[in-house]
Amino acid sequence: MASTSKFDDFVACPYNKAHIVLRGRLTKHLVRCSRNAENLNKLLTCPFNENHRFDAQQLQAHIKICPERASLERQAQKDEQPAVDAPATQMLIECEEDWDNEPDVPTYNPSAYCEENLVIRSSGLHGQSKSVRRNFRAQERRRFAEKQ
Ligand SMILES: [Zn+2]
Ligand SMILES: [Zn+2]
């Protein structure tokens, strides 16, 4: 098949292979075609090019090899600012609780600074005896001391 004229640049509609569309018209066609009741939500759109439409399974495979993605990534690399040597944002909220000043009796104070942390760490101890909990707290104190 000779392809000498630009009019040979036809593509098959992903919704219906019987729709042969000029490549330049595909975007418009897809918008129209995707509104057809039978096509509604049938195909997912490639995040890199709205003309790339696939069913969910094919899209997974397509995204890995999408030519648009490759060019987008090249573009992004080009646009990228030179890396600023900023320290990583410290997201961790340090525990201010002083275990040594704590009464030895387990207390429940919902407003305590580290309550969330404590609840997560000790949630497995729920319903355990006092001595088990005290043991746990002693362990925690040691753990905390080691961090100093
Ligand atoms: Zn179509
Ligand atoms: Zn694509």
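Hi everyone. Let's start at one residue, histidine 52. Setting aside neighbours within four places in sequence, histidine 52 is in contact with Leu44, Thr45, Cys46, His62, Cys66, Pro67 and Glu68. Keep three of those contacts in mind, Cys46, His62 and Cys66, as we'll meet them again shortly. One thing to say early: what you see above is a predicted model.

Where does histidine 52 sit? You can find histidine 52 in strand β4, which covers residues 49-54. Is histidine 52 buried or exposed? Its relative accessible area is 16%, and buried means under 20%, so histidine 52 counts as buried.

Now for the metal. Which residues coordinate the zinc ion called ligand 2? They are Cys46 through SG, His52 through ND1, His62 through NE2 and Cys66 through SG, at 1.9 to 2.3 Å. So our starting residue turns out to be one of the donors, and the three contacts I asked you to remember are donors as well. The angles subtended by the 4 donor atoms around this zinc ion run from 102 to 126 degrees, and therefore the arrangement is tetrahedral. For a yardstick, the ideal angle for four tetrahedral donors is 109.5 degrees. Two other donors of this site are buried too: histidine 62 has a relative accessible area of 10%, and cysteine 66 has 2%.

Let's move to the other zinc ion, ligand 1. Its protein donors are Cys13 (SG), His19 (ND1), His29 (NE2) and Cys33 (SG), which lie 2.0 to 2.3 Å from it. Within this set, histidine 19 and histidine 29 form a pair that links distant parts of the chain. Histidine 19 is in the loop between β1 (10-12) and β2 (20-22), while histidine 29 is in helix α1, 10 residues apart. Why is this site called tetrahedral? Because the 4 donor atoms subtend angles of 103 to 121 degrees around the zinc ion. As for burial, histidine 19 is partly exposed, with a relative accessible area of 26%, whereas histidine 29 is buried at 13%.

Here is something fun to check in the sequence. The donors of ligand 1 are spaced C-x5-H-x9-H-x3-C, and the donors of ligand 2 are spaced C-x5-H-x9-H-x3-C.

Next, look around cysteine 13. Not counting residues up to four places away in sequence, cysteine 13 touches His19, Val21, His29, Leu30 and Cys33. Cysteine 13 also belongs to the largest nonpolar core, whose 8 residues are Val11, Cys13, Tyr15, Val21, Leu26, Leu30, Cys33 and Leu43. Helix α1, residues 26-34, gives the most to this core, with 3 residues. In soluble globular proteins, nonpolar side chains tend to be buried together.

Helix α1 also holds valine 31, which counts as partly exposed at 30% relative accessibility. Valine 31 is 20 residues from asparagine 51 in sequence, and their C-alpha atoms are 9.2 Å apart in space.

Finally, let's step back to the whole protein. How many helices and strands are there? There are 5 helices and 4 strands, in the order β-β-α-β-β-α-α-α-α from the N terminus on. Of the 148 residues, 20% count as buried. The protein exposes about 12,100 Å², with carbon and sulfur atoms supplying 51% of it. Among contacts between residues at least 6 apart in sequence, 21% join residues at least 24 apart.

Thanks for listening!

Note on methods:
Residues are numbered from 1 along each chain as its sequence is written. Chains are lettered from A and ligands numbered from 1 in the order in which they are written. This is a predicted model: local features need pLDDT of at least 70, side-chain atom pairs count only at pLDDT 80 or more; totals for chains, interfaces and linings use all residues. Side-chain values use heavy atoms; hydrogens and water are left out. A nonpolar core is a set of buried Ala, Val, Leu, Ile, Met, Phe, Trp, Tyr and Cys residues joined through side-chain atoms within 4.5 Å. Buried means under 20% relative accessible area, exposed over 50%, partly exposed in between (1.4 Å probe, protein chains only). Helices (H or I, at least four residues) and strands (E, at least two) are DSSP runs, numbered from the N terminus. Contact means heavy atoms within 4.5 Å. Donors are N, O and S atoms within 2.8 Å of the metal (3.2 Å for Na, K and Ca); water is not among the atoms, so sites may look incomplete. Four donors count as tetrahedral if all angles lie between 85 and 135 degrees; four count as square planar and six as octahedral if opposite donors are over 155 degrees apart and all others between 65 and 115; anything else is irregular. Accessible areas come from the Shrake-Rupley method with a 1.4 Å probe; for residues, only the protein chains shown count as cover.
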